[in-house]
Amino acid sequence: LSDGNPGLRRGYALALGVLPAEQLRPQLQTAIDALVTASRVEADAELRDPETRRNAVRAMGALAATVGIAALTVDQYVQLVEAVLDGMGDYQTDNRGDVGSWVREEAIGGVLPLLRLAVRSTEARGEPHQEQARIVARLSDLSARFASCLCQQVNEKIDRMREMAAAAMTELLCEPALPFGSRAELEAIFVEPRPEQPSGTEQSSRTEQSSRTAAASSSCARTSAVPISALHQSAGGSSAPPRA
């Protein structure tokens with residue numbers, strides 16, 4: 001991934017994401033380090049290649065899904081998630097325009113699957129083992145940082161970035177297993193407003209609670225019907241080059 005040929009770097013990055021788990025596990029930390037380094041803006045301006053960084057961000061999610069959460073230490077898991085989050089701050093520009101948006105776009109769609117990977121693994125196994133429990137304990141901080149990055153992206157100048165960020169935020173808010181400090185405030189903005197109900201009786205309280213649940217479920221259902229990946233594909237032809 002340090003080759004001077006950008007075409008080779010793009011291919012190597014994608015290749016690490018599709019290797020079988022049996023090949024990845026013996027050199028897992030080496031593979032993670034290589035992808036994390038490749039996802040960062042290159043210090044040498046002559047070597048800067050947003051497509052390599054985009055492919056590295058994509059490959060990190062694929063690598064984690066391939067080896068499974070049980071194969072990752074808490075440090076490795078956090079390293080992957082934070083590297084993808086860092087991709088949401090890529091603002092490189094060149095004569096093609098805001099090429100960093102290709103990396104940001106990939107990162108927006110890549111964080112939530114990584115967070116869900118830890119949640120789903122815990123749900124499937126029941127009581128998590130010690131390392132998994134440490135990973136789950138970090139989800140709140142990682143979710144909060146993701147929400148903060150999305151708040152920045154929903155104010156972007158590029159329409160497709162705002163749309164993808166808003167969809168990702170709604171999906172994040174539809175994950176009750178990913179709590180974070182500002183969740184209630186964001187739900188008031190991104191989740192459909194709840195109708196007011198008369199108060200003062202037990203019946204009205206139950207009705208209000210039902211309305212809140214229905215409103216949130218309706219909002220989540222509409223988001224699920226148009227996932228981030230679909231928005232990503234529909235926007236891909238507008239400015240980004242064909243993906244390797």
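## Where H9 meets H10

In this predicted model, Ala166, Met169, Thr170, Leu172 and Leu173 of helix H9 touch Arg183, Leu186, Glu187 and Phe190 of helix H10. Touching, or contact, here means heavy atoms within 4.5 Å. Sort these residues by class and you get six nonpolar, one polar and two charged. Nonpolar covers Ala, Val, Leu, Ile, Met, Phe, Trp, Tyr, Cys and Pro, charged covers Asp, Glu, Lys and Arg, and the others, Gly among them, are polar.

So how do you describe two helices like that? Two packed helices are described by the angle between their axes and the distance between the axes. H9 takes in residues 159–173 and H10 residues 183–190; their angle is about 125°, and their axes are 10 Å apart. The axes are lines fitted to C-alpha atoms, for helices over the stretch in contact, and the angles run from 0 to 180 degrees between N-to-C directions. That makes H9 oblique to H10. The words for angles work like this: under 35 degrees is roughly parallel, over 145 roughly antiparallel, 65 to 115 roughly perpendicular, and the rest oblique.

## The whole chain

Let's zoom out. The protein chain has 12 helices and zero strands, so its elements are simply α-α-α-α-α-α-α-α-α-α-α-α from the N terminus on. Helices (H or I, at least four residues) and strands (E, at least two) are DSSP runs, numbered from the N terminus. Residue numbers start from 1 along each chain as its sequence is written, and side-chain values use heavy atoms, with hydrogens and water left out. As for confidence, local features need pLDDT of at least 70 and side-chain atom pairs count only at pLDDT 80 or more, while totals for chains, interfaces and linings use all residues.

How much of the chain is buried? Of its 244 residues, 43% count as buried (under 20% relative accessible area; over 50% is exposed and in between is partly exposed, using a 1.4 Å probe and protein chains only). Take the contacts between residues at least 6 apart in sequence: 69% of them join residues at least 24 apart.

## H1 beside H4

Now for helix H1 (residues 6–18) and helix H4 (residues 50–67). They pack at an angle of about 15°, and their axes lie 7 Å apart. That makes H1 roughly parallel to H4. On the H1 side, the contact uses Pro6, Arg9, Arg10, Ala13, Leu14, Leu16 and Gly17, and these meet Glu51, Thr52, Asn55, Ala56, Arg58, Ala59, Ala62, Leu63 and Thr66 in H4. By class, this contact has eight nonpolar, four polar and four charged residues.

Let's pick out leucine 16, which sits in H1. Is leucine 16 buried or exposed? Its relative accessibility is 18%, so leucine 16 counts as buried. Not counting residues up to four places away in sequence, leucine 16 touches Leu1, Leu24, Ala31, Ala34, Leu35 and Leu63. Look at Ala31 in particular: leucine 16 and alanine 31 are 15 residues apart along the chain, yet their C-alpha atoms are separated by 7.0 Å.

## H4 beside H5

H4 also packs against H5, at an angle of about 155° and with the axes 10 Å apart. That makes H4 roughly antiparallel to H5. The contact is made by Val57, Met60, Leu63 and Ala64 of H4, together with Leu80, Ala83 and Val84 of H5. Its class count is seven nonpolar, no polar and no charged residues.

Glycine 61 lies in H4 too. With a relative accessible area of 25%, glycine 61 is partly exposed. Here's a nice one to find on screen: glycine 61 and glycine 17 are 44 residues apart in sequence but 7.7 Å apart in space, C-alpha to C-alpha.

## A loop residue to look up

Where is arginine 96? You'll find arginine 96 in the loop between helix H5 (74–87) and helix H6 (100–125). Arginine 96 is partly exposed, because its relative accessible area is 46%. Leave aside neighbours within four places in sequence, and arginine 96 is in contact with Pro50, Glu51 and Trp102. Glu51 may look familiar, since Glu51 is one of the H4 residues that meet H1.
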